[in-house]
Amino acid sequence: MKATVYPGPITGSVPAIASKSQAHRLLIAAALADVPTRVACADVSRDIQATADCLNALCADISYTGGAFAVTPRAVSAGAVLDCGESGSTWRFLLPVAAALGARATFLLRGRLPQRPMAALYQALEGQGAVITGKGTGRVSVEGCLAGGAVAIAGDVSSQFISGLLLAAPLTGQAVDIRLTTPLGSAAYVDITLQALARFGVRAERQADALHVPGAQRYRSPGSVEAEGDWSNAAFWLCAGAAGGGPVTCTGLDIHSPQGDHAVLDMLCAFGAQVTVSGRDVTVTGKDLRAADIDIDATPDLAPALALLGLAARGETRLTNIARLRLKESDRAQTITDALRALGAAADIQGDSLVIRGSNQLPGGVCDAASDHRIAMMAACAACLCAGPVDIRGAEAVDKSYPRFFDDLRALGPRVEEE
């Protein structure tokens, strides 16, 4: 699909969509619980649906109606085929879970998913009794039965590895000690997992270089849970509002959320934007923004939204520690750079930094979303800084996390054509 976004201000109010990060974890916990659970989730993206579909194939009956999933646990299906699509969370969370359930399961992986790092997780699971075949391909199988006990794993490759082990831990029936051999990166995502475990009655303790899950625990349904507003996607509206002057209000956000991407508020302030928080409503305006240096190692998903601020700010903005960007749905360091250049911006990669030089106005142009939802959203929002329209090839990539993105963009003012 091609989407054309015409120049114009982005102003007004938009509700935050449901947190993809929380929805994955809540659905998995609900599928492993003792009795049915209602998981309220106002928005269902392609990734969330992938997790629901995989759990349907593996160990639960799941339906969606009226803005909520009804999740009923059932016996494990031997020989289940789990199609993860391009969802890294689905894949990395459910591989340990399937192993702990003793299921003989086959995972289908799409897009760049077969190439994304997995060696550390494979090694950890095999050390606890899992047998994994098909590594490096789009069809990976697991069998055996995961044991509890002590497991060592690097903490700086992907926090999803740690979350997957935590979600699997109560299923072993034994105490599980996860020792981190390197510092934990993107720690906030592990905190989201710990919160989901707690909501389903599972105790877990996080220490400086280890996590401990006591044995003899099981998931206990609270009856009903809800995925809160998503900070990662709300960041696009907040940053676009600041870049274009605003004001833009995003509703339904919890500033006390364990989601690490609420750090975007501090980052907006570093660029000189005005941020106002009223309950669960966040309003941003921007005027005379200044360049900033932002370390994105802990919050790599914010990089495309922050790029919008770099375009609008005076001076040279540097997003540093970009290594994690290269392991996303695209090599996001490169695809951010390519998309910005296609619109006439001055951007380049210097070592471990993405450098963006501010401009009063960009000409606009044609860019490729590179099958990456966040690149498509960044390019669309950049139209507020362009003299001419922005054409986005592969704009359907937004369905991965935000299916109604272009409808919400229209509600904030810009004219959008899709074909």
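Contact here means heavy atoms within 4.5 Å. The structure is a predicted model, and the description below covers one of its sheets, the helices lying across that sheet, and one serine.

An open sheet is built from four strands in the order E4-E5-E3-E14, and the pairing within the sheet is mixed. The edges are formed by strand E4 (60-65) and strand E14 (224-226); each has a single partner strand, so one side of each lacks a neighbour in the sheet. From one strand to the next, the twist averages 20°. Strands of a sheet pair through backbone hydrogen bonds, in either a parallel or an antiparallel sense. For strand E3 (residues 37-40) and E14 the sense is parallel, and the pairing extends over three bridges. Ala-40 has Glu-226, in E14, as its bridge partner.

Two helices lie across strands of this sheet. Helix H1 (residues 20-31) lies across E3, E4, strand E5 (68-73) and E14, and runs at about 30° to E5. Helix H2 (residues 46-58) lies across E4 and E5, with a direction at about 145° to that of E4.

Further along the sequence, Ser-353 belongs to strand E21, which covers residues 353-357. The relative accessibility of Ser-353 is 8%. Buried residues are those under 20%, so Ser-353 counts as buried. When residues up to four places away in sequence are left out, Ser-353 touches Arg-318, Leu-319, Thr-320, Ile-322 and Asp-348.

Conventions: Residues are numbered from 1 along each chain as its sequence is written. This is a predicted model: local features need pLDDT of at least 70, side-chain atom pairs count only at pLDDT 80 or more; totals for chains, interfaces and linings use all residues. Side-chain values use heavy atoms; hydrogens and water are left out. Buried means under 20% relative accessible area, exposed over 50%, partly exposed in between (1.4 Å probe, protein chains only). Two strands pair if DSSP finds at least two bridges between them. Axes are lines fitted to C-alpha atoms, for helices over the stretch in contact, and angles run from 0 to 180 degrees between N-to-C directions.
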